[in-house]
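Here are my notes on the model you sent, as numbered points. They begin with confidence and then move to the fold, the strand pairing, the backbone and the pocket.

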Amino acid sequence: MLIAIYSEENIMWIGSIGLVAATKNVPNAETDNLVQASIIRNGTEIRVLNLDYAEVDDHERGDSRGYTYSGPTKLPRRNDLTPVLPAGIGTIPMPYPGYGLEFSHGLSGHLQIKLRVNGDDMWIKDNIDLYVKFIRLRAIDFGTLAWLEDTHWTYIASWTQDVALSNDDDEGVPTWTLNLG
């Protein structure tokens, strides 16, 4: 089941992504394998995010953990329809921010998240929640515009269908795509 709450305006740039991944609270639902979430725009993978903290045991039975990806190293700029300026050419303001993912036609029907577990140790997904911080062109003083990331998170959607992911065909499917819209 998909639950979505957001406006239908065309959202152009995502500067931060927050994913909350919950593991089903049933025997053998946990995994020790790396779980990844690929961000897909209009059928093309534009970023792979590791749902992993090196210092903790992720995806334990009944566990729910949040993962945040923000800034130019985690979300380098990936233009959609906005053309990239030639080298050495600039404008004020730039036609795009220095980082983030562009969705020229909004998120609905254009954003997918493909989950994968890297190995044959099954993981049973319980819920995935998606939050974002948008980057918007804003006036910072009289006559000056700048790209600024929202200070608050916007809830986008929850995917609540339980799915067993594994590279072992007897345990589950190797990938599961979460569709928005």
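1. Residues 1-9 should be read with caution, since this is a predicted model and pLDDT stays under 50 over that stretch. The model nevertheless gives residues 1-9 25 contacts beyond four places in sequence. I would mention both values wherever this segment is shown. For the protein chain as a whole, the average pLDDT is 91, and 94% of the residues score at least 70.

2. On overall composition, the protein chain has 12 strands and one helix. The order from the N terminus is β-β-β-β-β-α-β-β-β-β-β-β-β, with helix 1 at residues 71-74. Along the principal axes, the C-alpha atoms fill a box of roughly 60 × 30 × 30 Å.

3. Two totals describe the packing of the protein chain. Of its 181 residues, 40% count as buried. Among contacts with a separation of 6 or more, 71% are between residues 24 or more positions apart.

4. Which strands pair with strand 8? Strand 8 covers residues 123-141, and 10 bridges join it to strand 2 (residues 13-23). Strand 8 also pairs with strand 9 (residues 144-149) over six bridges, with strand 10 (residues 154-159) over five, and with strand 11 (residues 163-165) over three. The sense is antiparallel for strand 2, for strand 9, for strand 10 and for strand 11.

5. Individual bridge partners give the register of these pairings. Towards strand 2, Ile135 of strand 8 stands opposite Trp13. Towards strand 11, Trp123 has Leu165 as its bridge partner. Leu130 faces Ala157 in strand 10, and Arg136 faces Leu148 in strand 9.

6. The connection from strand 8 to strand 9 is a hairpin with two residues between the strands. Asp141 has Thr144, in strand 9, as its bridge partner. Gly143 lies in the turn and has a positive phi of about 80°.

7. Some backbone geometry deserves a check against the general pattern. Most residues other than glycine have a negative phi, and most peptide bonds are trans. The bond between Ile92 and Pro93 is cis, with omega about -5°. Pro93 is found in the loop between helix 1 and strand 6 (101-102).

8. Asn28 has a positive phi of about 65° although it is not a glycine. This residue sits in the loop between strand 2 and strand 3 (34-41). Is Asn28 buried or exposed? Asn28 is exposed, with a relative accessible area of 55%.

9. Asn42 is another non-glycine residue with a positive phi, near 50°. Its place is in the loop between strand 3 and strand 4. At 42% relative accessibility, Asn42 counts as partly exposed. I suggest describing Asn28 as exposed and Asn42 as partly exposed, and keeping the two terms apart in the text.

10. The largest pocket has a volume of about 170 Å³. Its lining consists of Arg47, Val48, Leu49, Asn50, Asp52, Tyr53, Tyr67, Thr68, Tyr69 and Lys74. Strand 4 (44-51) and strand 5 (64-70) are the elements that give two or more residues to this lining. Strand 4 gives the most, with four residues.

11. What is the division of the lining of the largest pocket into nonpolar, polar and charged residues? Five are nonpolar, two are polar and three are charged. The lining list and this division could go together in one table of the note, with Arg47, Asp52 and Lys74 among the residues listed.

12. To close, three items should be kept in any revision. They are the low pLDDT over residues 1-9, which stays under 50, the cis peptide bond joining Ile92 and Pro93, and the positive phi of Asn28.

How values were computed: Residues numbered from 1 in each chain as written. Predicted model: local features only at pLDDT ≥ 70, side-chain atom pairs only at ≥ 80, totals over all residues. Heavy atoms only, no water. 1 Å grid on protein atoms, 1.4 Å probe; cavity = no way out; pocket = protein on both sides within 12 Å on 5 of 7 lines; lining within 4 Å. Points joined across faces, edges and corners; volume = space filled by probe spheres on them. Nonpolar A, V, L, I, M, F, W, Y, C, P; charged D, E, K, R; others polar. Pairing = 2+ DSSP bridges. pLDDT = per-residue confidence, 0-100. Contact = heavy atoms within 4.5 Å. Buried < 20%, exposed > 50% of the residue type's maximum accessible area, 1.4 Å probe, protein only.
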